[in-house]
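Notebook open, structure loaded. I'm jotting down what I look up as I go.

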Amino acid sequence: MRELRLPVLHGALCSALPLWLITVSVTKVKNLGQFKSLLKIWLVLMKLLATTRRECVKITAENPEQKMKTVLMVAEKPSLAQSIAKILSRGKYNNWDKVDPAELFSKAPTEKKEANPKLNMVKFLQVEGRGCDCVVLWLDCDKEGENICFEVLDAVGPVMNKPRGSERTVYRAKFSSITDTDICNAMNHLGEPNHNEALSVDARQELDLRIGCAFTRFQTKYFQGKYGNLDSSLISFGPCQTPTLGFCVERHDKIQSFKPETYWVLQAKVNHDKDSCLTLDWDRVRVFDREVAQMFLNLTKVAKEAKVESMSRKEKAKQRPLALNTVEMLRVASAALGMGPQHAMQIAERLYTQGYISYPRTETTHYPENFDLKGALRQQANNPYWAETVKALLAEGINRPRKGHDAGDHPPITPMRTASEAELGGDGWRLYEYITRHFIATVSADCKYLQTTIAFSIGPEHFTCVGKTVISPGFTEVMPWQSIPPEESLPTCERGDAFPISEVKLLEKQTCPPDYLTEAELITLMEKHGIGTDASIPVHINNICQRNYVTVESGRRLKPTNLGIVLVHGYYKIDAELVLPTIRSAVEKQLNLIALGKANYHQVLEHTLDIFKRKFHYFVDSIAGMDELMEVSFSPLAATGKPLSRCGKCHRFMKYIQAKPSRLHCSHCDETYSLPQNGTIKLYKELRCPLDDFELVLWSSGSRGKSYPLCPYCYNHPPFRDMKKGMGCNECTHPTCQHSLNMLGIGQCVECESGVLVLDPTSGPKWKMACNRCNVVVHFFENAHKVRVSPETCESCEAALVDVDFNKAKSPLPGNETQHSGCVFCDSVFQDLVELKHAAMKHPMHRGGQGKRQGRGRGKGRRPGGRPNPKKPKDKMAALAAYFV
């Protein structure tokens with residue numbers, strides 16, 4: 001007797017793990033066909049569980065005479081595994097200083113590690129795979145996915161049950177979209193993982209790792225900290241990244257070396273009725289000699305009429321687009337949608353895992369003969385944006401897509417189910433909309449139009465006028481940006497007809513340099529020269545942006561920075577092949593041969609590493625050539641800046657480097673300390689930090705802004721747990737330092753909730769206190785001789801009291817008094833002496849007073865959040881004890 005039981009949970013799976021598993025146990029199964037039959041029964045029963053969320057489900061058919069078999073199914077992403085389940089159920093060498101980079105080419109062993117060790121993915125796979133008889137791999141169907149297949153097998157292979165004889169235990173599911181049809185079809189046609197493709201990925205990873213690390217470590221260590229205005233903490237090199245940067249710098253060099261030339265164009269206009277005229281194009285296009293151009297102008301001015309030499313009408317067609325592949329999708333996303341390639345790829349992957357589109361990484365632009373085009377089109381029949389076009393196509397019959405390139409990987413990117421803007425959100429919807437419109441366009445008719453061409457002669461010179469009239473819009477109905485713009489219709493005429501000339505003139509123009517590369521143009525160049533794959537192209541472009549080698553300008557144009565230009569010119573000077581696309585293109589061809597089983601993995605790896613090792617040694621020996629370019633463009637730290645404050649370690653003067661990012665550099669200790677930006681820095685009275693003996697400096701945003709002292713060391717290395725990097729003395733919680741928040745803080749900011757108003761002790765005689773978080777500045781007690789923060793607090797609002805001393809001649813205090821102690825928020829004596837700047841005062845005492853105090857109100861203590869100040873201990877030791885406790 002067989003008994004079907006479900007569900008049995010395999011432990012408690014952590015939902016945060018990026019891997020879901022479907023574990024199926026079957027008994028008395030002699031072959032895969034019987035397993036599939038039993039699975040179909042399970043599919044029907046699993047409908048009952050459609051509303052129950054299970055991370056792991058086990059199906060068991062027991063027979064006392066037979067041993068139970070278990071199948072482990074592995075998917076790459078949690079969302080993918082969830083979709084598959086739902087469909088099937090219907091519901092030493094890392095130390096830069098100790099290792100010579102040259103050793104990374106051969107001596108250093110490579111090791112694969114988990115990207116996120118906290119997930120313990122290998123251990124998790126081993127626990128789930130223990131005792132299983134078969135494994136079905138549902139990884140992404142590309143080369144990287146094949147590589148992950150074997151990583152999974154390395155983890156689960158040793159703990160699975162041993163096969164009986166030649167029994168097959170490893171199965172690979174191949175699918176291009178997450179739909180019922182595709183997933184079930186993949187389950188019915190299980191294959192094997194491709195070891196050659198996995199090896200090609202291993203080779204690419206190891207080559208990029210060894211070559212990139214060796215060059216990056218060497219040039220970063222060589223140049224880092226050597227130049228004062230070299231704004232980069234990592235000067236990276238990559239076999240694909242560097243040629244990508246090379247394309248951008250090559251275009252920059254063409255722009256810089258471009259010399260404009262003046263040319264002249266002959267323009268003629270003829271009247272074809274009373275109210276309109278035609279502009280004719282000169283058949284010679286342009287001439288670069290002024291005298292020659294003037295001669296042609298004189299010849300045409302003699303004529304009074306333009307004679308028609310010929311008129312032709314020809315029906316033409318604008319072809320519908322090829323089916324969509326990854327590169328074209330990235331080009332359009334950048335050029336038309338304003339999305340960076342990396343961002344566009346992330347959105348496409350999300351749309352894929354949610355089942356909205358087919359697999360987004362494909363080089364193919366040709367649909368296979370058995371692809372269900374009508375089925376994909378029917379999914380869009382009720383979408384209000386293109387429902388009419390789709391219904392018309394289904395009724396009249398679709399056109400077979402144009403024959404494109406079949407790379408043998410995945411079908412073109414296709415919408416698999418309908419969606420709305422509310423479902424997908426901003427960028428997700430925009431990309432999905434383009435993919436869908438592109439697909440509908442591929443099965444639509446070509447755009448047909450009538451082109452009319454009239455040839456004119458004016459004296460001895462010939463001119464032409466061309467007009468287009470749309471006959472049938474075809475695919476441009478769904479892709480309106482591709483439509484032919486409406487033009488004024490040309491008159492009907494015959495050979496020999498004459499039109500009066502309204503104007504003939506000479507236009508002087510200049511040749512223009514090319515513009516900087518757009519991301520779309522760069523993607524085209526990378527594809528053309530074989531730099532990167534459809535999966536890695538967005539990563540390489542993103543890297544050169546993140547490394548500060550290029551900046552993204554308007555129109556998503558990539559403008560090289562000074563650092564990017566110097567690096568590429570340096571590579572050209574030492575070894576041009578490091579930056580030219582030729583050598584990487586050759587390597588990519590070898591890697592593809594490994595994937596096809598036509599090249600030996602070890603031989604390709606060894607040969608390529610040997611070439612780059614030789615190049616590395618030559619690069620190291622010739623680095624002075626690049627350094628010469630660096631010296632021209634950047635200033636050495638030792639020659640940059642001027643002495644400002646003393647180092648707390650060596651007590652020598654540190655130099656202040658004003659160029660962004662501004663910083664202090666101690667040449668003796670070879671240490672660099674970052675500083676606040678967008679302000680001025682000066683020495684603060686030669687006072688020293690009580691913690692590290694560094695001289696304090698004063699940062700100021702100007703006479704009308706705020707200023708505060710800071711310790712260069714504490715600013716970069718916070719001394720207390722509640723401090724963060726980048727905090728000055730006005731946020732320092734030291735309990736006794738005279739410059740700290742505890743000593744100079746007055747009360748909670750009147751504008752923001754987290755800030756504290758801190759006295760600026762350097763601001764006299766125009767005294768002020770400023771928020772240590774926002775831009776609020778409060779001016780008070782102008783012309784006071786001295787302003788101090790008292791240890792006492794206000795009984796009403798818990799803000800610190802302020803002691804003020806005035807000169808007798810300038811005292812605004814009543815009765816010509818010179819001293820007063822009180823709360824700046826509550827004391828009526830101070831009500832006319834406080835004025836707010838840079839923000840709207842929200843404190844009750846400031847309502848309706850144009851920055852002047854109007855009546856009494858409540859403030860809050862100097863501690864953030866309005867927490868009351870504890871009673872202060874009487875001596876310093878008690879203060880320290882209170883602070884640390």
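**Entry 1: a loop alanine**

Where is A323 found? I looked and found A323 in the loop between strand 9 (305-318) and helix 9 (326-335). A note to self before going on: this is a predicted model. Next I checked whether A323 is buried or exposed. Its relative accessibility is 4%, so A323 counts as buried. I also checked A323 against A441: the two are 118 residues apart in sequence, and their C-alpha atoms are 8.9 Å apart in space.

**Entry 2: aromatic pairs**

I asked for ring pairs and got 29 aromatic pairs in the structure. I picked F215 with F616, which pair edge-to-face, with 5.2 Å between centres and 85° between planes. This pair links distant parts of the chain, since F215 belongs to helix 6 (residues 195-223) and F616 to helix 19 (residues 601-621), 401 residues apart. Both F215 and F616 are buried.

F215 also pairs with F619. Here the ring centres are 5.4 Å apart and the planes sit at 55°; edge-to-face needs over 60 degrees and stacked under 30, so this pair is tilted. Again distant parts of the chain are linked, F215 in helix 6 and F619 in helix 19, with their positions 404 residues apart. I looked up accessibility too: F215 is at 0%, so it counts as buried, and F619 is at 0%, so that one counts as buried as well.

Which residues do ring pairs link into a cluster? I wrote down F105, F215, F218, Y222, F223, F237, Y571, F616 and F619.

**Entry 3: charges over rings**

I went looking for arginines over rings. R286 has its charged end over the ring of Y263, 4.7 Å from the ring centre. R417 does this with Y356, where the charged end is 4.1 Å from the centre of the ring.

**Entry 4: helix 18 against helix 19**

Since helix 19 holds F616 and F619, I checked how helix 18 (residues 581-595) runs past it. The two axes come within 10 Å and cross at roughly 165°. Over 145 degrees counts as roughly antiparallel, so that is what helix 18 and helix 19 are to each other. The crossing of helix 18 past helix 19 is left-handed.

**Entry 5: nonpolar cores**

How many residues does the largest nonpolar core have? I got 116, and W138 and L431 have the most contacts inside it. A second, separate core has 37 residues, including C797, L801, V804 and C823. As background, nonpolar side chains tend to be buried together in soluble globular proteins.

**Entry 6: backbone oddments**

Last, I went through the backbone. The peptide bond from G764 to P765 is cis, with omega near 5°. I placed P765 in the loop between strand 23 (756-759) and strand 24 (768-771).

Then I looked at positive phi in residues that aren't glycine. E686 has one, at about 60°, and this residue lies in strand 19 (residues 680-688). F781 has another, with phi near 50°, and F781 lies in the loop between strand 25 (777-780) and strand 26 (784-793).

Are these two buried or exposed? E686 is exposed, because its relative accessible area is 57%. F781 is buried, because its relative accessible area is 1%.

Conventions:
Residues are numbered from 1 along each chain as its sequence is written. This is a predicted model: local features need pLDDT of at least 70, side-chain atom pairs count only at pLDDT 80 or more; totals for chains, interfaces and linings use all residues. Side-chain values use heavy atoms; hydrogens and water are left out. Rings of Phe, Tyr and Trp (its six-membered ring) pair if their centres lie within 6.5 Å; planes under 30 degrees apart count as stacked, over 60 as edge-to-face and the rest as tilted. Helices (H or I, at least four residues) and strands (E, at least two) are DSSP runs, numbered from the N terminus. Buried means under 20% relative accessible area, exposed over 50%, partly exposed in between (1.4 Å probe, protein chains only). A charge sits over a ring if NZ of Lys or CZ of Arg is within 6 Å of the ring centre and within 35 degrees of the ring normal. A nonpolar core is a set of buried Ala, Val, Leu, Ile, Met, Phe, Trp, Tyr and Cys residues joined through side-chain atoms within 4.5 Å. Axes are lines fitted to C-alpha atoms, for helices over the stretch in contact, and angles run from 0 to 180 degrees between N-to-C directions. Angles under 35 degrees count as roughly parallel, over 145 as roughly antiparallel, 65 to 115 as roughly perpendicular and the rest as oblique. A crossing is left-handed if the near helix is turned anticlockwise from the far one by less than a right angle, and right-handed if clockwise.
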